[in-house]
Amino acid sequence: DARLVAILRLYLELVSESLDSVAYPAGSAEYRYNLAALSEGFKLRIEGFSDDATFFKFLQLVVDALNNPSTVTDMRFKYQVQEMVYDQMNKIYKDQPFRQGFYMSRLFFETYSYDNRYINSFINRLTQQDVLREGGKLLRKLAIKCFSFGNLDVRHALKYVEYIRDQFLSHVLKSSFSYRGTVVVLPPGRWIWQTRVLNPTETNNCIFVMNQISARTVSGPSLRKNILLTLLATIMKDPAYATLRTEQHLGYTVFTGTLKMLSVDYFYLLLQGSHYTPEVMMTRVVEFLHSYRDTLSNLVASGTNEHPSGDEWFWTTKQEAINLLLSRPESQVGLAGYYSDTSQSNWPFFNKREYILTAGRSLVKEDLLSFYDNYIIGDARQLVIQLHGAGYPLQHNTSVPHQDILDQETVAKLKAKLFPVNTEFVW
């Protein structure tokens, strides 16, 4: 419900306002909190030294503000509303088209994501009394998922969790009941979503190609795919830049990389520029993805000057991908956020290194070619977000074979097919 998302955002704004007087002195003592509204709830993160009495007192202050935020003057509340709406819309319009590609991908794939423009229509109609009354009720519907790091022992961590539970009359999530998001699973083939760049004066076009891989689980096959995906996105970065920008002059921004949304992995390639039509840009991107298959075959067969055999090249690049996965995230706070995003409470928190290393040992160079054939070309599940800048009208794209040009009706039909994130894709 987008209206509830709007209420939650404003309610947390009032909570933050209530904590203004303690945030600075607490920060000086290295105690911090962070509140963020999510489409499925909200996130509270509390950091600080684990001196039990002080940490617990800081936790109490934050929870008290969540339970009973201070009211503000009507003028101040109207200012908060205007500031929130302005910040969200200004950010959307000022962002480069390629950032809008990331934004649109979340709107497409995550069934609990909402367009900020839609949410703002509710924010503008809410009163402070609405927010305080209904926001308080929202907090009574919480189910708590807790991550504790640092030198807290289990006894202290449980004390904090039980305190929050008792304050909000909530329950603690068990493994089998933890939040399971759902995503749109594309049928095999290429799907094109044409839309205009949100800023009406922006002349750049952007092609944002996303290949849906599979849900990330603790299974061996899933982790092997994750390693291969990381490897592929890393080694394709320079060739994509050299081909699409340096040689063909199609645009000035070229990226390859990986995304994870609700535990589902994606490969992406984006191209942004203003000298060619979106149709031409998309054709060249698709051609590059297919032609790179030959480059990959040569690397697997013969390696490079630095690594003069396919086996040596693959072992080296595989190890680099594994090291990259093991290095993220580097902080304990980041680790908590990372596992929280996976929505899988059974993920092996402290055995991550062992699981990834075990999965990596079984990979051979032929697996990379099979992965490319199955997930990048061939019958891959591919979404092309085609953002049209000013002066480039939307038109039926016939430049490459595709399943469908998506509009709101067909997107709604795809969104009706919900898929839990904790299993592999089947169709």
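## Exercises on strands, a helix and a histidine

Let's start with strand 9: Val264, Tyr266, Tyr268, Leu270 and Gln272 point one way, Asp265, Phe267, Leu269, Leu271 and Gly273 point the other way, and all of these residues are buried. Keep in mind that this is a predicted model.

**Exercise 1.** Work out why strand 9 is largely enclosed by the rest of the structure.

*Solution.*
Step 1. Recall the general pattern: in a regular strand the side chains alternate between the two faces of the sheet.
Step 2. Check both sides of this strand. Tyr266 is among the residues pointing one way and Phe267 among those pointing the other way, and both are buried.
Step 3. Use the cut-off: buried means under 20% relative accessible area.
Step 4. Conclude: 10 of the 10 residues of strand 9 (residues 264-273) are buried, so the strand is largely enclosed by the rest of the structure.

**Exercise 2.** Find how strand 8 and strand 9 pair, and which residue of strand 9 is the bridge partner of Thr253.

*Solution.*
Step 1. Look at the direction: strand 8 (residues 253-261) and strand 9 are antiparallel, with nine bridges between them.
Step 2. Go to Thr253; its bridge partner in strand 9 is Gln272.
Step 3. Now inspect the turn. Two residues lie between the strands of this hairpin, and Leu262 takes a positive phi near 50° there.

**Exercise 3.** Identify the strands that pair with strand 6, and their sense.

*Solution.*
Step 1. Begin with strand 10, which pairs with strand 6 in the parallel sense over eight bridges. Here Gly189 stands opposite Arg381.
Step 2. Move on to strand 11 (residues 404-406), which runs parallel to strand 6 and is joined to it by three bridges. Trp193 stands opposite Leu406 in strand 11.
Step 3. Add the surroundings: seven of the eight residues of strand 6 (residues 189-196) are buried, so "mostly covered" describes this strand.

**Exercise 4.** Describe the setting of His388: is this residue buried or exposed, and what does its side chain reach?

*Solution.*
Step 1. Locate His388 in strand 10 (residues 381-388).
Step 2. Compare its relative accessible area of 1% with the 20% cut-off: His388 is buried.
Step 3. Follow the side chain of His388, which reaches the backbone oxygen of Tyr392 at 3.2 Å and that of Pro393 at 3.2 Å.
Step 4. List some contacts, leaving aside neighbours within four places in sequence: His388 touches residues including Gln194, Arg196, Asn204 and Glu279.

Technical notes:
Residues numbered from 1 in each chain as written. Predicted model: local features only at pLDDT ≥ 70, side-chain atom pairs only at ≥ 80, totals over all residues. Heavy atoms only, no water. Buried < 20%, exposed > 50% of the residue type's maximum accessible area, 1.4 Å probe, protein only. Helix = DSSP H or I, 4+ residues; strand = E, 2+ residues; numbered from the N terminus. Pairing = 2+ DSSP bridges. Polar contact = N/O pair within 3.5 Å; in protein donor to acceptor, adjacent residues only side chain to side chain. Contact = heavy atoms within 4.5 Å.
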